[in-house]
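Please look over the structure shown here before reading on, and keep it open while you follow the paragraphs below.

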Amino acid sequence: MLEHLRSIPASLISRSSGDSASSVAPHEEHVFWMQKMDITPFDFSYLGSLLQQAYTDWQTQRQPNTGRSPMIYNVWNTEGICMGHGNEQTPGLDVYSVVLQCIESGQAQSLRGSTEHGEYLLLAEPLFSRTNQDMFAVFTAITYEQNRYETSEAVVRSEAMHFRTCFYRRFEYIFMTDLLRAHEQTAREEHRRSILFQIVQRMHDKMDVDAILDEVFDSIDYLYPTTCMKLYMSQDQSSFNPRIKPLLVHERGEDICVRSFMEGKLIIVRSDEREQRILEVGLPLKGKQGIYGVFHIEMNQELLEDSDLKLITMMADTAGTAFENAKLHEQSNMLIQELRLINDLTQRLNKSLQLMEIYQFSEQELKDIFQAETCCILQLNESTNQFEVMSSNVHEICRKSFPVDYGIVGLLYEKEEPLILSDYAKYDKVSSVFMDLTGSMSLMASPLRVNGEVKGAILLGHTKKQYFSYDNYRLLQMLSIHIGLALSNATLHAEVRRLANLDMLTGLYVRHYLDSVIHERQTNEFCGSLVVVDIDQFKQVNDTFGHQTGDQVLKQVSDIVTSSVRSDDISARWGGEELAIYMPQIGSRQALEYAEIIRRRVAEETRPPVTVSSGIAEWNWMDEKVSVESLFYRADMALYSAKHGGRNRIVVEEQEVTR
């Protein structure tokens, strides 16, 4: 209560206040409440400044008679130390001893004597507290005999009581000052709590990360306009606020922000190098799951109180909790969106079992999902051991092939891990035609796995640096898994269809597949020829050598047929020991040349040796009736003629070729 000593206003000094003993009303309930306040012996050691200021007030209010010699007044504390400021010296007087006697006895003391200045009278009047009558000071007066009028004890006692009144006026003023200060502090604290409540409410009402951080900056700017505040984020958090910057731990060294982030606590650094005393504060933005950044605050130390720092700390703690909740909400929404996206993409991919459709659809969807400028999907061709571009919006590389150890794709094939680049210009491990042609700086790449093995790759590019985020990178990995599954299903389906259309013994296509191919060719082309091949006396081979040898002979003839025709020709097992070859876009005379090669090779290369007979028929768009049945019927009739004409020969419909 007594440590805050201030000057009394002139309006208070100009009045005189009576002692509680003289001003108290007869009934206790009418006594002014403040006059009940009093000092205790525990306060005596702190009364020095109060006694001195009360002595100054007493001298100001006292109006001595200038026609008389002034008396020498002083005030002493209970330890015998003089607190007054008398204008005259008193050499030769032992005032201290008289004061000690007064303190020990608790009663007024007087002493007469003489010095070189003449006879004197020394009076010491004790001063007592209001309530418990504890002596807290001694009031002394010294005069010489020629001023007997002023030496009366009543006058000294009156002056002592006047001083006591000034003392209690000063005491009451200090009490009121402390009371007002406490009231102001309480009101200020209540105002701060109200503001903090409003800020907390606004923060928790928001579920947007950027909105919460903006609320923190706006609140600090409103409460402390001269404060410079920045936020250094450790997360992958992009913001348009210029005061939000990345926390680069390795570049900043051991500064206050890094220390606050690493230790997770408030750190304060005071600097006196400038004209003003600057307070630098590092305050972590943290939640229950971790630390997300650090608030860096610079402010004038003279304008900041401890309660202000507590308020800022509570705001930062609230912001950390709200930020974490908003981040979790954002991540939950993003996860839900990703799951929906994956589900939709998977459903659309599974609607098609055609590889090219899957590649083209995936390329378009990936560009739309990640807002990429360029996309390229490649597949590994195991026969050539090269990656082939299956779908891309970069026309310069469409249908091109690249070795398995070349560029970004080669790196994916080797490492079997996805890759993200924020600045291709600084990447010196491998080069990329895809990046060079498109001028892309940002890249996301992910391998495509089919049955657990890398069978392809996805490349996404953009000309801006640092365009793709870590969330994009993570999502691409998940999408590539589902695209790989779709490709695996399509590949498996294609293989099943291929096996369903193949004869297991000969490796040739089955008849119904050949029927469908001829029907499609007759719809879209102008002509074609059909060669039907039959092994002569095949039953005799089975009866003589057994069915296993017969199967081997059938396989030998099938291999000769396959290796003797063109790559565009379709060979099939028509039934039993009969084979069929459809040759698109050629007439019967050209087909005859291939049939002759087959006839000669079979006779020379089979073991045990066998011969074959063949029938050939052709169609063209000018025929009256174009159908698969008609073509097969005419070829079969030509074969029948060859068999009955002596075997080991070729018959073209309505003409016989003997060899």
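What follows is a walk through this predicted model, from its charged pairs and cysteines to its core, its cavities and its unusual backbone sites.

A convenient place to begin is with the charged side chains. Side chains of opposite charge can pair when their charged atoms come close. In the whole structure, a search finds 21 salt bridges, and a few of them are worth following one by one. In one of these, the side chains of R130 and E172 meet with a nitrogen-to-oxygen distance of 2.4 Å. The pair links distant parts of the chain, since R130 sits in the loop between β3 (118-128) and β4 (135-144) while E172 belongs to helix α5 (residues 153-205), with their positions 42 residues apart in sequence. Both partners can also be placed with respect to the surface: R130 counts as buried because its relative accessibility is 11%, under the 20% limit, and E172, at 8% relative accessibility, counts as buried as well.

A second salt bridge is formed by D221 and R243, whose closest N and O atoms are 2.9 Å apart. Because D221 lies in helix α6 (residues 209-223) and R243 in the loop between β5 (228-233) and β6 (244-246), this pair ties together parts that are 22 residues apart in sequence. Here D221 is partly exposed, with a relative accessible area of 29%, and R243 is likewise partly exposed, at 24%.

Further along the chain, E653 and R634 form another salt bridge, with 2.6 Å between the closest N and O atoms. E653 is in the loop between β21 (650-652) and β22 (655-657), and R634 is in helix α18 (residues 628-644), so the bridge ties together parts that are 19 residues apart in sequence. E653 is partly exposed, with a relative accessible area of 22%, and R634 counts as partly exposed at 22% relative accessibility. Elsewhere, E382, E453 and K455 are joined into one network by salt bridges that share partners.

The surroundings of E653 can be followed a little further through M637, which lies in helix α18. M637 and E653 are 16 residues apart in sequence, and their C-alpha atoms are 7.4 Å apart in space. The relative accessible area of M637 is 35%, and this residue is therefore partly exposed.

The cysteines come next, and for them a search of the whole structure finds 0 disulfides. C375 is in no disulfide, as the nearest cysteine sulfur, which belongs to C376, is 7.1 Å away, whereas a disulfide would need the two sulfur atoms to be within 2.5 Å. C375 counts as buried at 0% relative accessibility, and C102 also counts as buried, at 0%.

From single residues we can turn to the packing of the nonpolar ones. The largest nonpolar core holds 33 residues, and among these L231, L285 and F295 touch the most other members. The elements that give two or more residues to this core are α5, α6, β5, β8 (278-286), β9 (291-300) and α9 (306-350). Of the elements, α9 gives the most to this core, with 9 residues.

Where is space left empty inside the protein? A search of the whole structure finds 3 cavities of 30 Å³ or more, and about 100 Å³ of space lies in the largest cavity. The residues that line this largest cavity include C376, L378, F402, Y406, V409 and L459. Three elements, β10 (374-381), α11 (407-415) and α12 (433-438), each supply at least two residues of the lining, and α11 gives the most, with 3 residues. By class, the lining has 10 nonpolar and 2 polar residues, and no charged ones.

The backbone itself has some sites to inspect. A cis peptide bond, with omega of about -5°, joins R607 and P608, and P608 lies in the loop between α17 (588-605) and β20 (612-620). Q371, although not a glycine, has a positive phi of about 55°, and Q371 is found in the loop between α10 (355-370) and β10. N385 has a positive phi of about 55° and is not a glycine either; N385 is found in the loop between β10 and β11 (386-392). With a relative accessible area of 42%, N385 is partly exposed.

Methods:
Residues numbered from 1 in each chain as written. Predicted model: local features only at pLDDT ≥ 70, side-chain atom pairs only at ≥ 80, totals over all residues. Heavy atoms only, no water. Salt bridge = Lys/Arg side-chain N within 4 Å of Asp/Glu carboxyl O. Helix = DSSP H or I, 4+ residues; strand = E, 2+ residues; numbered from the N terminus. Buried < 20%, exposed > 50% of the residue type's maximum accessible area, 1.4 Å probe, protein only. 1 Å grid on protein atoms, 1.4 Å probe; cavity = no way out; pocket = protein on both sides within 12 Å on 5 of 7 lines; lining within 4 Å. Points joined across faces, edges and corners; volume = space filled by probe spheres on them. Nonpolar A, V, L, I, M, F, W, Y, C, P; charged D, E, K, R; others polar. Core = buried A, V, L, I, M, F, W, Y, C linked by side-chain atoms within 4.5 Å.
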